[in-house]
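The following exercises ask the reader to derive features of a fold from a model. Each task is followed by a solution that proceeds in steps.

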Amino acid sequence: MLTPGFKLFFGFGALAAVGAIVYGIATGDPAGADYLGVVDRDAWKGVISLGWQGGVGEHTGFIVLVFAALVGGGLGCMLVAFRDADAESVGELAPTGETPPSEAPAHPSYWPPLLAFAAAVVVIGLVTHAAIFVIGLILAGVVAFEWMVTAWADRATGDAEANRALRNRLMYPIEIPVLGAAGVAILVVGGSRVLLAVSEFSAVWIAAGVSAVILLVAMLFAARPHIARSVITTVLAFAAVAVVAAGIVATAAGAYDHGHAEDHGTDDATEVHEGEE
């Protein structure tokens, strides 16, 4: 059975796909039309192949409509897979046909503040640096997806432990590699912005201090294997926020002027040499 969410978003995606086809042909080269003003049949090849076998007219509008079609179709497929996160829809697929009992989430959600932070990063990236803007968009997409899956899992059954196990079985194969790569990217981009904004001497000490802190925290977690998972998640989340915030501040401050410092050093040496003469 197709859910209402699938019908809504897949309909939007289909409408955007038709709009992309019409827009790509209508804004194409007028020289490709025949003497009656009818668009040449070859124009369809470029639109259907996304520009591989021909032109697509005005590129910006065509790309926006194509991505709108992809996003709408993807959301529709995702919603029909998760049954709109609705208990009644899940019950329709159950062998007994009964709606599973549901209960309120047992743990507070930290996705709303993370999504607000991602939105702030996007806004700051608009006025500072393109890399920060892209990081904010990626972070917002990841948080929105995690929030959606968590909301669905919390309403899947009446057993909180079963809901958590269901969510982990679905998300762990995705979270572990993606979050690992995202953590490395955030550390590299944010750390590089900070190190470029300070002098060489300060950069060495900052890198050494951050490395020492990471090593000490890892040793603490290894020495206490029964530490709560929520504590580890909170520490990693605060570390990621701190790195991103430091990268934003360093990007706004700009790179350190090493050449200016070297010029001062040269001038001082020249003055000393002239004084000795």
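## Exercise 1: Helix α6

In this predicted model, the residues of α6 that count as buried are Ile 132, Gly 136, Ala 140, Val 143, Glu 146, Val 149, Thr 150, Trp 152 and Ala 153.

Task. Determine what covers the buried residues of α6, and compare the reach of α6 with the expected value.

Solution.
1. The elements covering the buried residues of α6 include α5, α7 and α9.
2. The 25 residues of α6 reach 36 Å from the first C-alpha to the last, close to the 36 Å expected at 1.5 Å a residue.
3. A general point helps in reading such lists: an α-helix has 3.6 residues a turn, so residues three or four places apart point the same way.

## Exercise 2: The pair α5 and α6

Task. State how helix α5 (residues 111-127) and helix α6 (residues 130-154) pack, and give the composition of their contact by class.

Solution.
1. Two packed helices are described by the angle between their axes and the distance between the axes.
2. For α5 and α6, the angle is about 160° and the axes lie 7 Å apart.
3. Angles over 145 degrees count as roughly antiparallel, and α5 is therefore roughly antiparallel to α6.
4. The crossing of α5 and α6 is left-handed.
5. On the α5 side, residues making the contact include Trp 111, Phe 117, Val 121 and Leu 126; on the α6 side, they include Phe 133, Leu 137, Val 143 and Trp 147.
6. By class, the contact of α5 with α6 has 17 nonpolar, 3 polar and 1 charged residues.

## Exercise 3: The pair α7 and α9

Task. Describe the crossing of helix α7 (residues 160-196) and helix α9 (residues 229-253), then examine α9 itself.

Solution.
1. The axes of α7 and α9 come within 8 Å and cross at roughly 35°.
2. This crossing of α7 and α9 is left-handed.
3. Among the residues in contact are Tyr 172, Ile 186, Gly 190 and Arg 193 of α7, together with Arg 229, Val 243, Gly 247 and Thr 251 of α9.
4. By class, the contact of α7 with α9 has 9 nonpolar, 4 polar and 2 charged residues.
5. Within α9, the buried residues are Val 244, Gly 247, Ile 248, Ala 250 and Thr 251, and what covers them includes α5, α6 and α7.
6. The 25 residues of α9 should span 36 Å at 1.5 Å a residue, and the end C-alpha atoms of α9 are 36 Å apart, which agrees.
7. Just after α9, Gly 254 adopts a positive phi of about 90°.

## Exercise 4: Leu 2 and Val 80

Task. Is Leu 2 buried, exposed or partly exposed, and which residues does Leu 2 touch beyond four places away in sequence?

Solution.
1. Leu 2 lies in the segment before α1 (4-26).
2. Its relative accessibility is 46%, so Leu 2 counts as partly exposed.
3. Not counting residues up to four places away in sequence, Leu 2 touches Lys 7 and Val 80.
4. Leu 2 and Val 80 are 78 residues apart along the chain, yet their C-alpha atoms are separated by 6.4 Å.

## Exercise 5: The chain as a whole

Task. How many helices and strands does the protein chain have, and what percentage of its residues count as buried?

Solution.
1. The protein chain has 10 helices and 0 strands.
2. Of the 277 residues, 21% count as buried.
3. Among contacts with a separation of 6 or more, 63% come from residues 24 or more positions apart.

Conventions: Residues are numbered from 1 along each chain as its sequence is written. This is a predicted model: local features need pLDDT of at least 70, side-chain atom pairs count only at pLDDT 80 or more; totals for chains, interfaces and linings use all residues. Side-chain values use heavy atoms; hydrogens and water are left out. Helices (H or I, at least four residues) and strands (E, at least two) are DSSP runs, numbered from the N terminus. Buried means under 20% relative accessible area, exposed over 50%, partly exposed in between (1.4 Å probe, protein chains only). Contact means heavy atoms within 4.5 Å. Axes are lines fitted to C-alpha atoms, for helices over the stretch in contact, and angles run from 0 to 180 degrees between N-to-C directions. Angles under 35 degrees count as roughly parallel, over 145 as roughly antiparallel, 65 to 115 as roughly perpendicular and the rest as oblique. A crossing is left-handed if the near helix is turned anticlockwise from the far one by less than a right angle, and right-handed if clockwise. Ala, Val, Leu, Ile, Met, Phe, Trp, Tyr, Cys and Pro count as nonpolar, Asp, Glu, Lys and Arg as charged, and the others, Gly among them, as polar. The expected span of a helix is 1.5 Å times one less than its number of residues.
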